[in-house]
Amino acid sequence: MKFDTPAGANPIDRLKVVGKPTDRIDGPRKTTGTAPYANDWHDPQSRLAYGYVVGAGIGKGRIAGMDVSRAEAAAGVLAVVTAANAGKLDRGAFYVARALAGPDVDHYHQAVALVVAETFEQARAAAALVRVDYVRSEGVFDLAAAKDTAVAPKAGPFVSPEAKAGDFEAAFATAPVRIDESYGTPDHAHAMMEPHATVASWDGDRLTLWTAIQQMNWGVRDIAKTLGIAKGNVRLVSPFIGGGFGGKGTILSDAVLASLGARAAGRPVKVSLPRPLMFNNVTHRPATIQRIRIGAGPDGRITAIGHESWSGNLPDGPPETATEPTRLLYAGPNRLMRMHLARLDLPEGGAMRAPGEAPGMMALEIAMDEMAERLGMDPVAFRVLNDTQVDPENPRRPFSRRQLVECLRRGAELFGWERRVAKPGQVRDGRWLVGMGMASAIRGAPVMRSAARVRLDGRGMVTVETDMTDIGTGSYTIIAQTAAEMMGLPLDRVVVRLGDSAYPESPGSGGQWGAASSTAGVYAACVKLREAVARRLGFNATDAVFEDGQVRAGNRSEPLVRAAAGGELVAEDGVEYGDLAEWFALQTFGAHFVEVGVDVDTAEVRVRRMLAVCAAGRILSPKAARSQIIGGMTMGIGAALMEELAVDARRGFFVNHDLAGYEVPVHADIPDLQVSFLDEIDPAASPLKAKGVGELGISGAAAAVANAVHNATGVRVRDYPVTLDKLLGGMPEAA
Amino acid sequence: MACASAATAMAAMPTGTSARPAGGEQPVMAKVGLTVNGERRELELDTRTSLLDAAREHLHLTGSKKGCDHGRCGACTMLVDGRRINACLTLAVMYQGSEITTIEGLGQPGDLHPMQAAFIRHDGFQCGFCTPGQICSSVAVLREIEAGIPSHATADLGKVAFSEDEVRERMSGNICRCGAYPNIVAAIREVHEGARG
């Protein structure tokens, strides 16, 4: 099916199943421990062996020598894989770091060996016997120090190194009201609860991986390319994934090493990355330094807006695209966005929940708060005034749907924003200084080619198969809702099978494209199945109504199940997108409102209340969508107040490489969070008129918290996270 | 045990050079009998086997998750003799004769424990990986409050009562990176109120 004109009326609009706050269909399995994740896999028929990864002990250099003899001789050891015996390895087409070091070491904790043994305990003990002699070389580990070496990154599908409109420098120089500030965001870890894990099994030349990844199609491509085997000989299975947030985009060292280990041992091998290895072995959200310049007239209208960002990465790695949201969020005729990329020898920087928007909005939305303060305007009113309904770089290109102003206004009303005292440091509640802050949210709504297969069987059950993944997003549920709506069935008549590369190809979970894309693919397959059903039952497909398990046209009605009486009906199709994204700017929008308390003596910050109002097209499952938003808000609170990978700039590694040192929000940090969705459909986005919400919730969230801290204390922190040491020097005198 | 503890200590020092057990030395094995989810199980284990790995790798009860393997995330939480424990931080051979309840023992699809059902109703999970630990912890937290065991959030140590702040404090050893916290608290509240009403 081609989707190249905005959707008209279709069976989804009935909203008998879609749009209902249904419980997740995978809930009973996930709450009883019966949902199989990658390293839960076992087969009583095959004797599983265990692999333990040894990570490099230096940040950059080379392996001068390795002695694996003691490890090989240790009890239970079946094989030790190193670069010396692994054979030629390539890299995948997405991540740039090599899965196995040797002789060069490119970053700290890059794998240098995999020890495979009969048991986990034996593999771990033997891994400690691997002796590695390194020759350390000079590396570049400090972004601030490397800033002046940064160059323009290569342009790519997700990277626009520079974007301009009008004459920014001239307009900024003459603007009556201006700010020019620098902001810092640190390296962040995905820290998903499930460590990267793979069970690999060879059958001759054929490789099966039970693994934890977000995009099966990238995974098949990348493991085949890395190992130099045919894509057709690879099968990936990921029915349940314990969180990804961009960190499991495609295969990583666990998959490569498990494959090599299984080949060497001649048995299936299970490899989980130990938690303390994860933070330096795999990818992270790279730190940024950002400069934001905004110029406005005394009336508050923005005349010039400039946003530059510096980030670092391994050679060939991409930049953090922090300037992206500023291209579209606010009006202003004179614009300049520029990315700079330095070479760093830290672990690889990669995509993490809302790449670009998350760190970009952490800076931009503080800058907007500062600008409103300088103008003497309310921060909500300042944003409303600078709304735009067209792409500011290309005014002929409208937004498909943009309700930012409505989000801001509804949020202000629901939150009680009018009670905010504009002058900072004025509100006390016992030992707490209380402040309110807000920020806008924006996140792209990309859609990608996606396919599915649907079956109608003789019991009247519809089964959907697609290699889409559910990383906690609710894919199982929204896909079931889509098929149920299309086929006129209740939800419990639909079975959904995901996460198997043998199924039709989807774009997987990433970039907030999964929900809209995968349900569109299921929609297309269901259109085909409806045609097959209509033919079988002697209806004209365009007239037939599928409802309540019946197919009706004119005054004739037949049970749907009868169409499969002569055998299962199977239909397969996918959606392909035309150029609607060139005609329309496709984005999701929101507004965050936060109230914090800051301890008057210790400057400890506690979030007391938080609200997000979101506009993201048709909300397919309000329950799962709300959960996605509060999850993004929670990660935003983490980014605001605690999350930071501490760089050892001499030795070149992230020091706090476990969940004790890398702090993420826990129950005690998070109050009840409120979410409100605007009623919206977006016909240009997909046949379901839906967009994603998985990343919108984090966009702007951290800045809203930081702005609330400023309102509470009068201290402006521009270098995340906003920890008490940065506040203490500027706190108002305790009364 | 000496061999086992030496090897465990070595694991933290991959490039260590001093005294090591000789290569090829066989692991120390021990028998342990446990009652797991009401069923008597006899195991012969490498003494270094954690309670978590005994359940996951030897009994194939994979509901309890290994999120960090060092007591920082709570995904492995089980109930041992009625109290919650991080099963990754303790050795299976220490539990001869104990009653172990894992997530599988609380309820199954079609026959859910009230806490499992409440988690589904309130969407108290997303990816589901921390969920078995969250649910085991939730069940134990309500028992701890019922038993009058105070927490850091208890204002008056003599009066331990249910509150959302008590729940948030007591559940803070169970990390949910998806951020389902408000929904988890709502689920626990519902079960608490159901149990009282």
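In the predicted model, chain A contains an open sheet of seven strands, arranged in the order E4-E6-E2-E13-E10-E11-E12 with mixed pairing. The edges of this sheet are occupied by strand E4 (77–81) and strand E12 (234–237) of chain A; each has a single partner strand, so one side of each is left without a neighbour in the sheet. From one strand to the next, the twist averages 20°.

Within the sheet, strand E10 (residues 197–203) and strand E11 (residues 206–211) of chain A run antiparallel and are joined by six bridges. In this part of the sheet, Ser201(A) is found opposite Thr208(A) of E11(A).

Two helices of chain A are associated with these strands. Helix H7 (residues 253–265) of chain A packs on the sheet, where its contacts include strand E2 (49–55), strand E6 (111–117) and strand E13 (269–272) of chain A, together with E4, E10 and E11. The direction of H7 makes about 35° with that of E10(A). Helix H6 (residues 216–227) of chain A lies across E11 and E12 of chain A and runs at about 140° to E12(A).

Chain B comprises seven helices and five strands. Read from the N terminus, the elements of chain B follow the order α-β-β-α-β-β-β-α-α-α-α-α. Of the 197 residues in chain B, 50% count as buried. Among the contacts in chain B between residues at least 6 apart in sequence, 58% are formed by residues at least 24 apart.

Definitions and conventions. Residues numbered from 1 in each chain as written. Chains lettered and ligands numbered in written order. Predicted model: local features only at pLDDT ≥ 70, side-chain atom pairs only at ≥ 80, totals over all residues. Pairing = 2+ DSSP bridges. Helix = DSSP H or I, 4+ residues; strand = E, 2+ residues; numbered from the N terminus. Axes fitted to C-alpha atoms, helices over the stretch in contact; angles between N-to-C directions. Contact = placed C-beta atoms within 7 Å. Buried ≥ 20, exposed ≤ 12 C-beta atoms within 10 Å, placed from the backbone.
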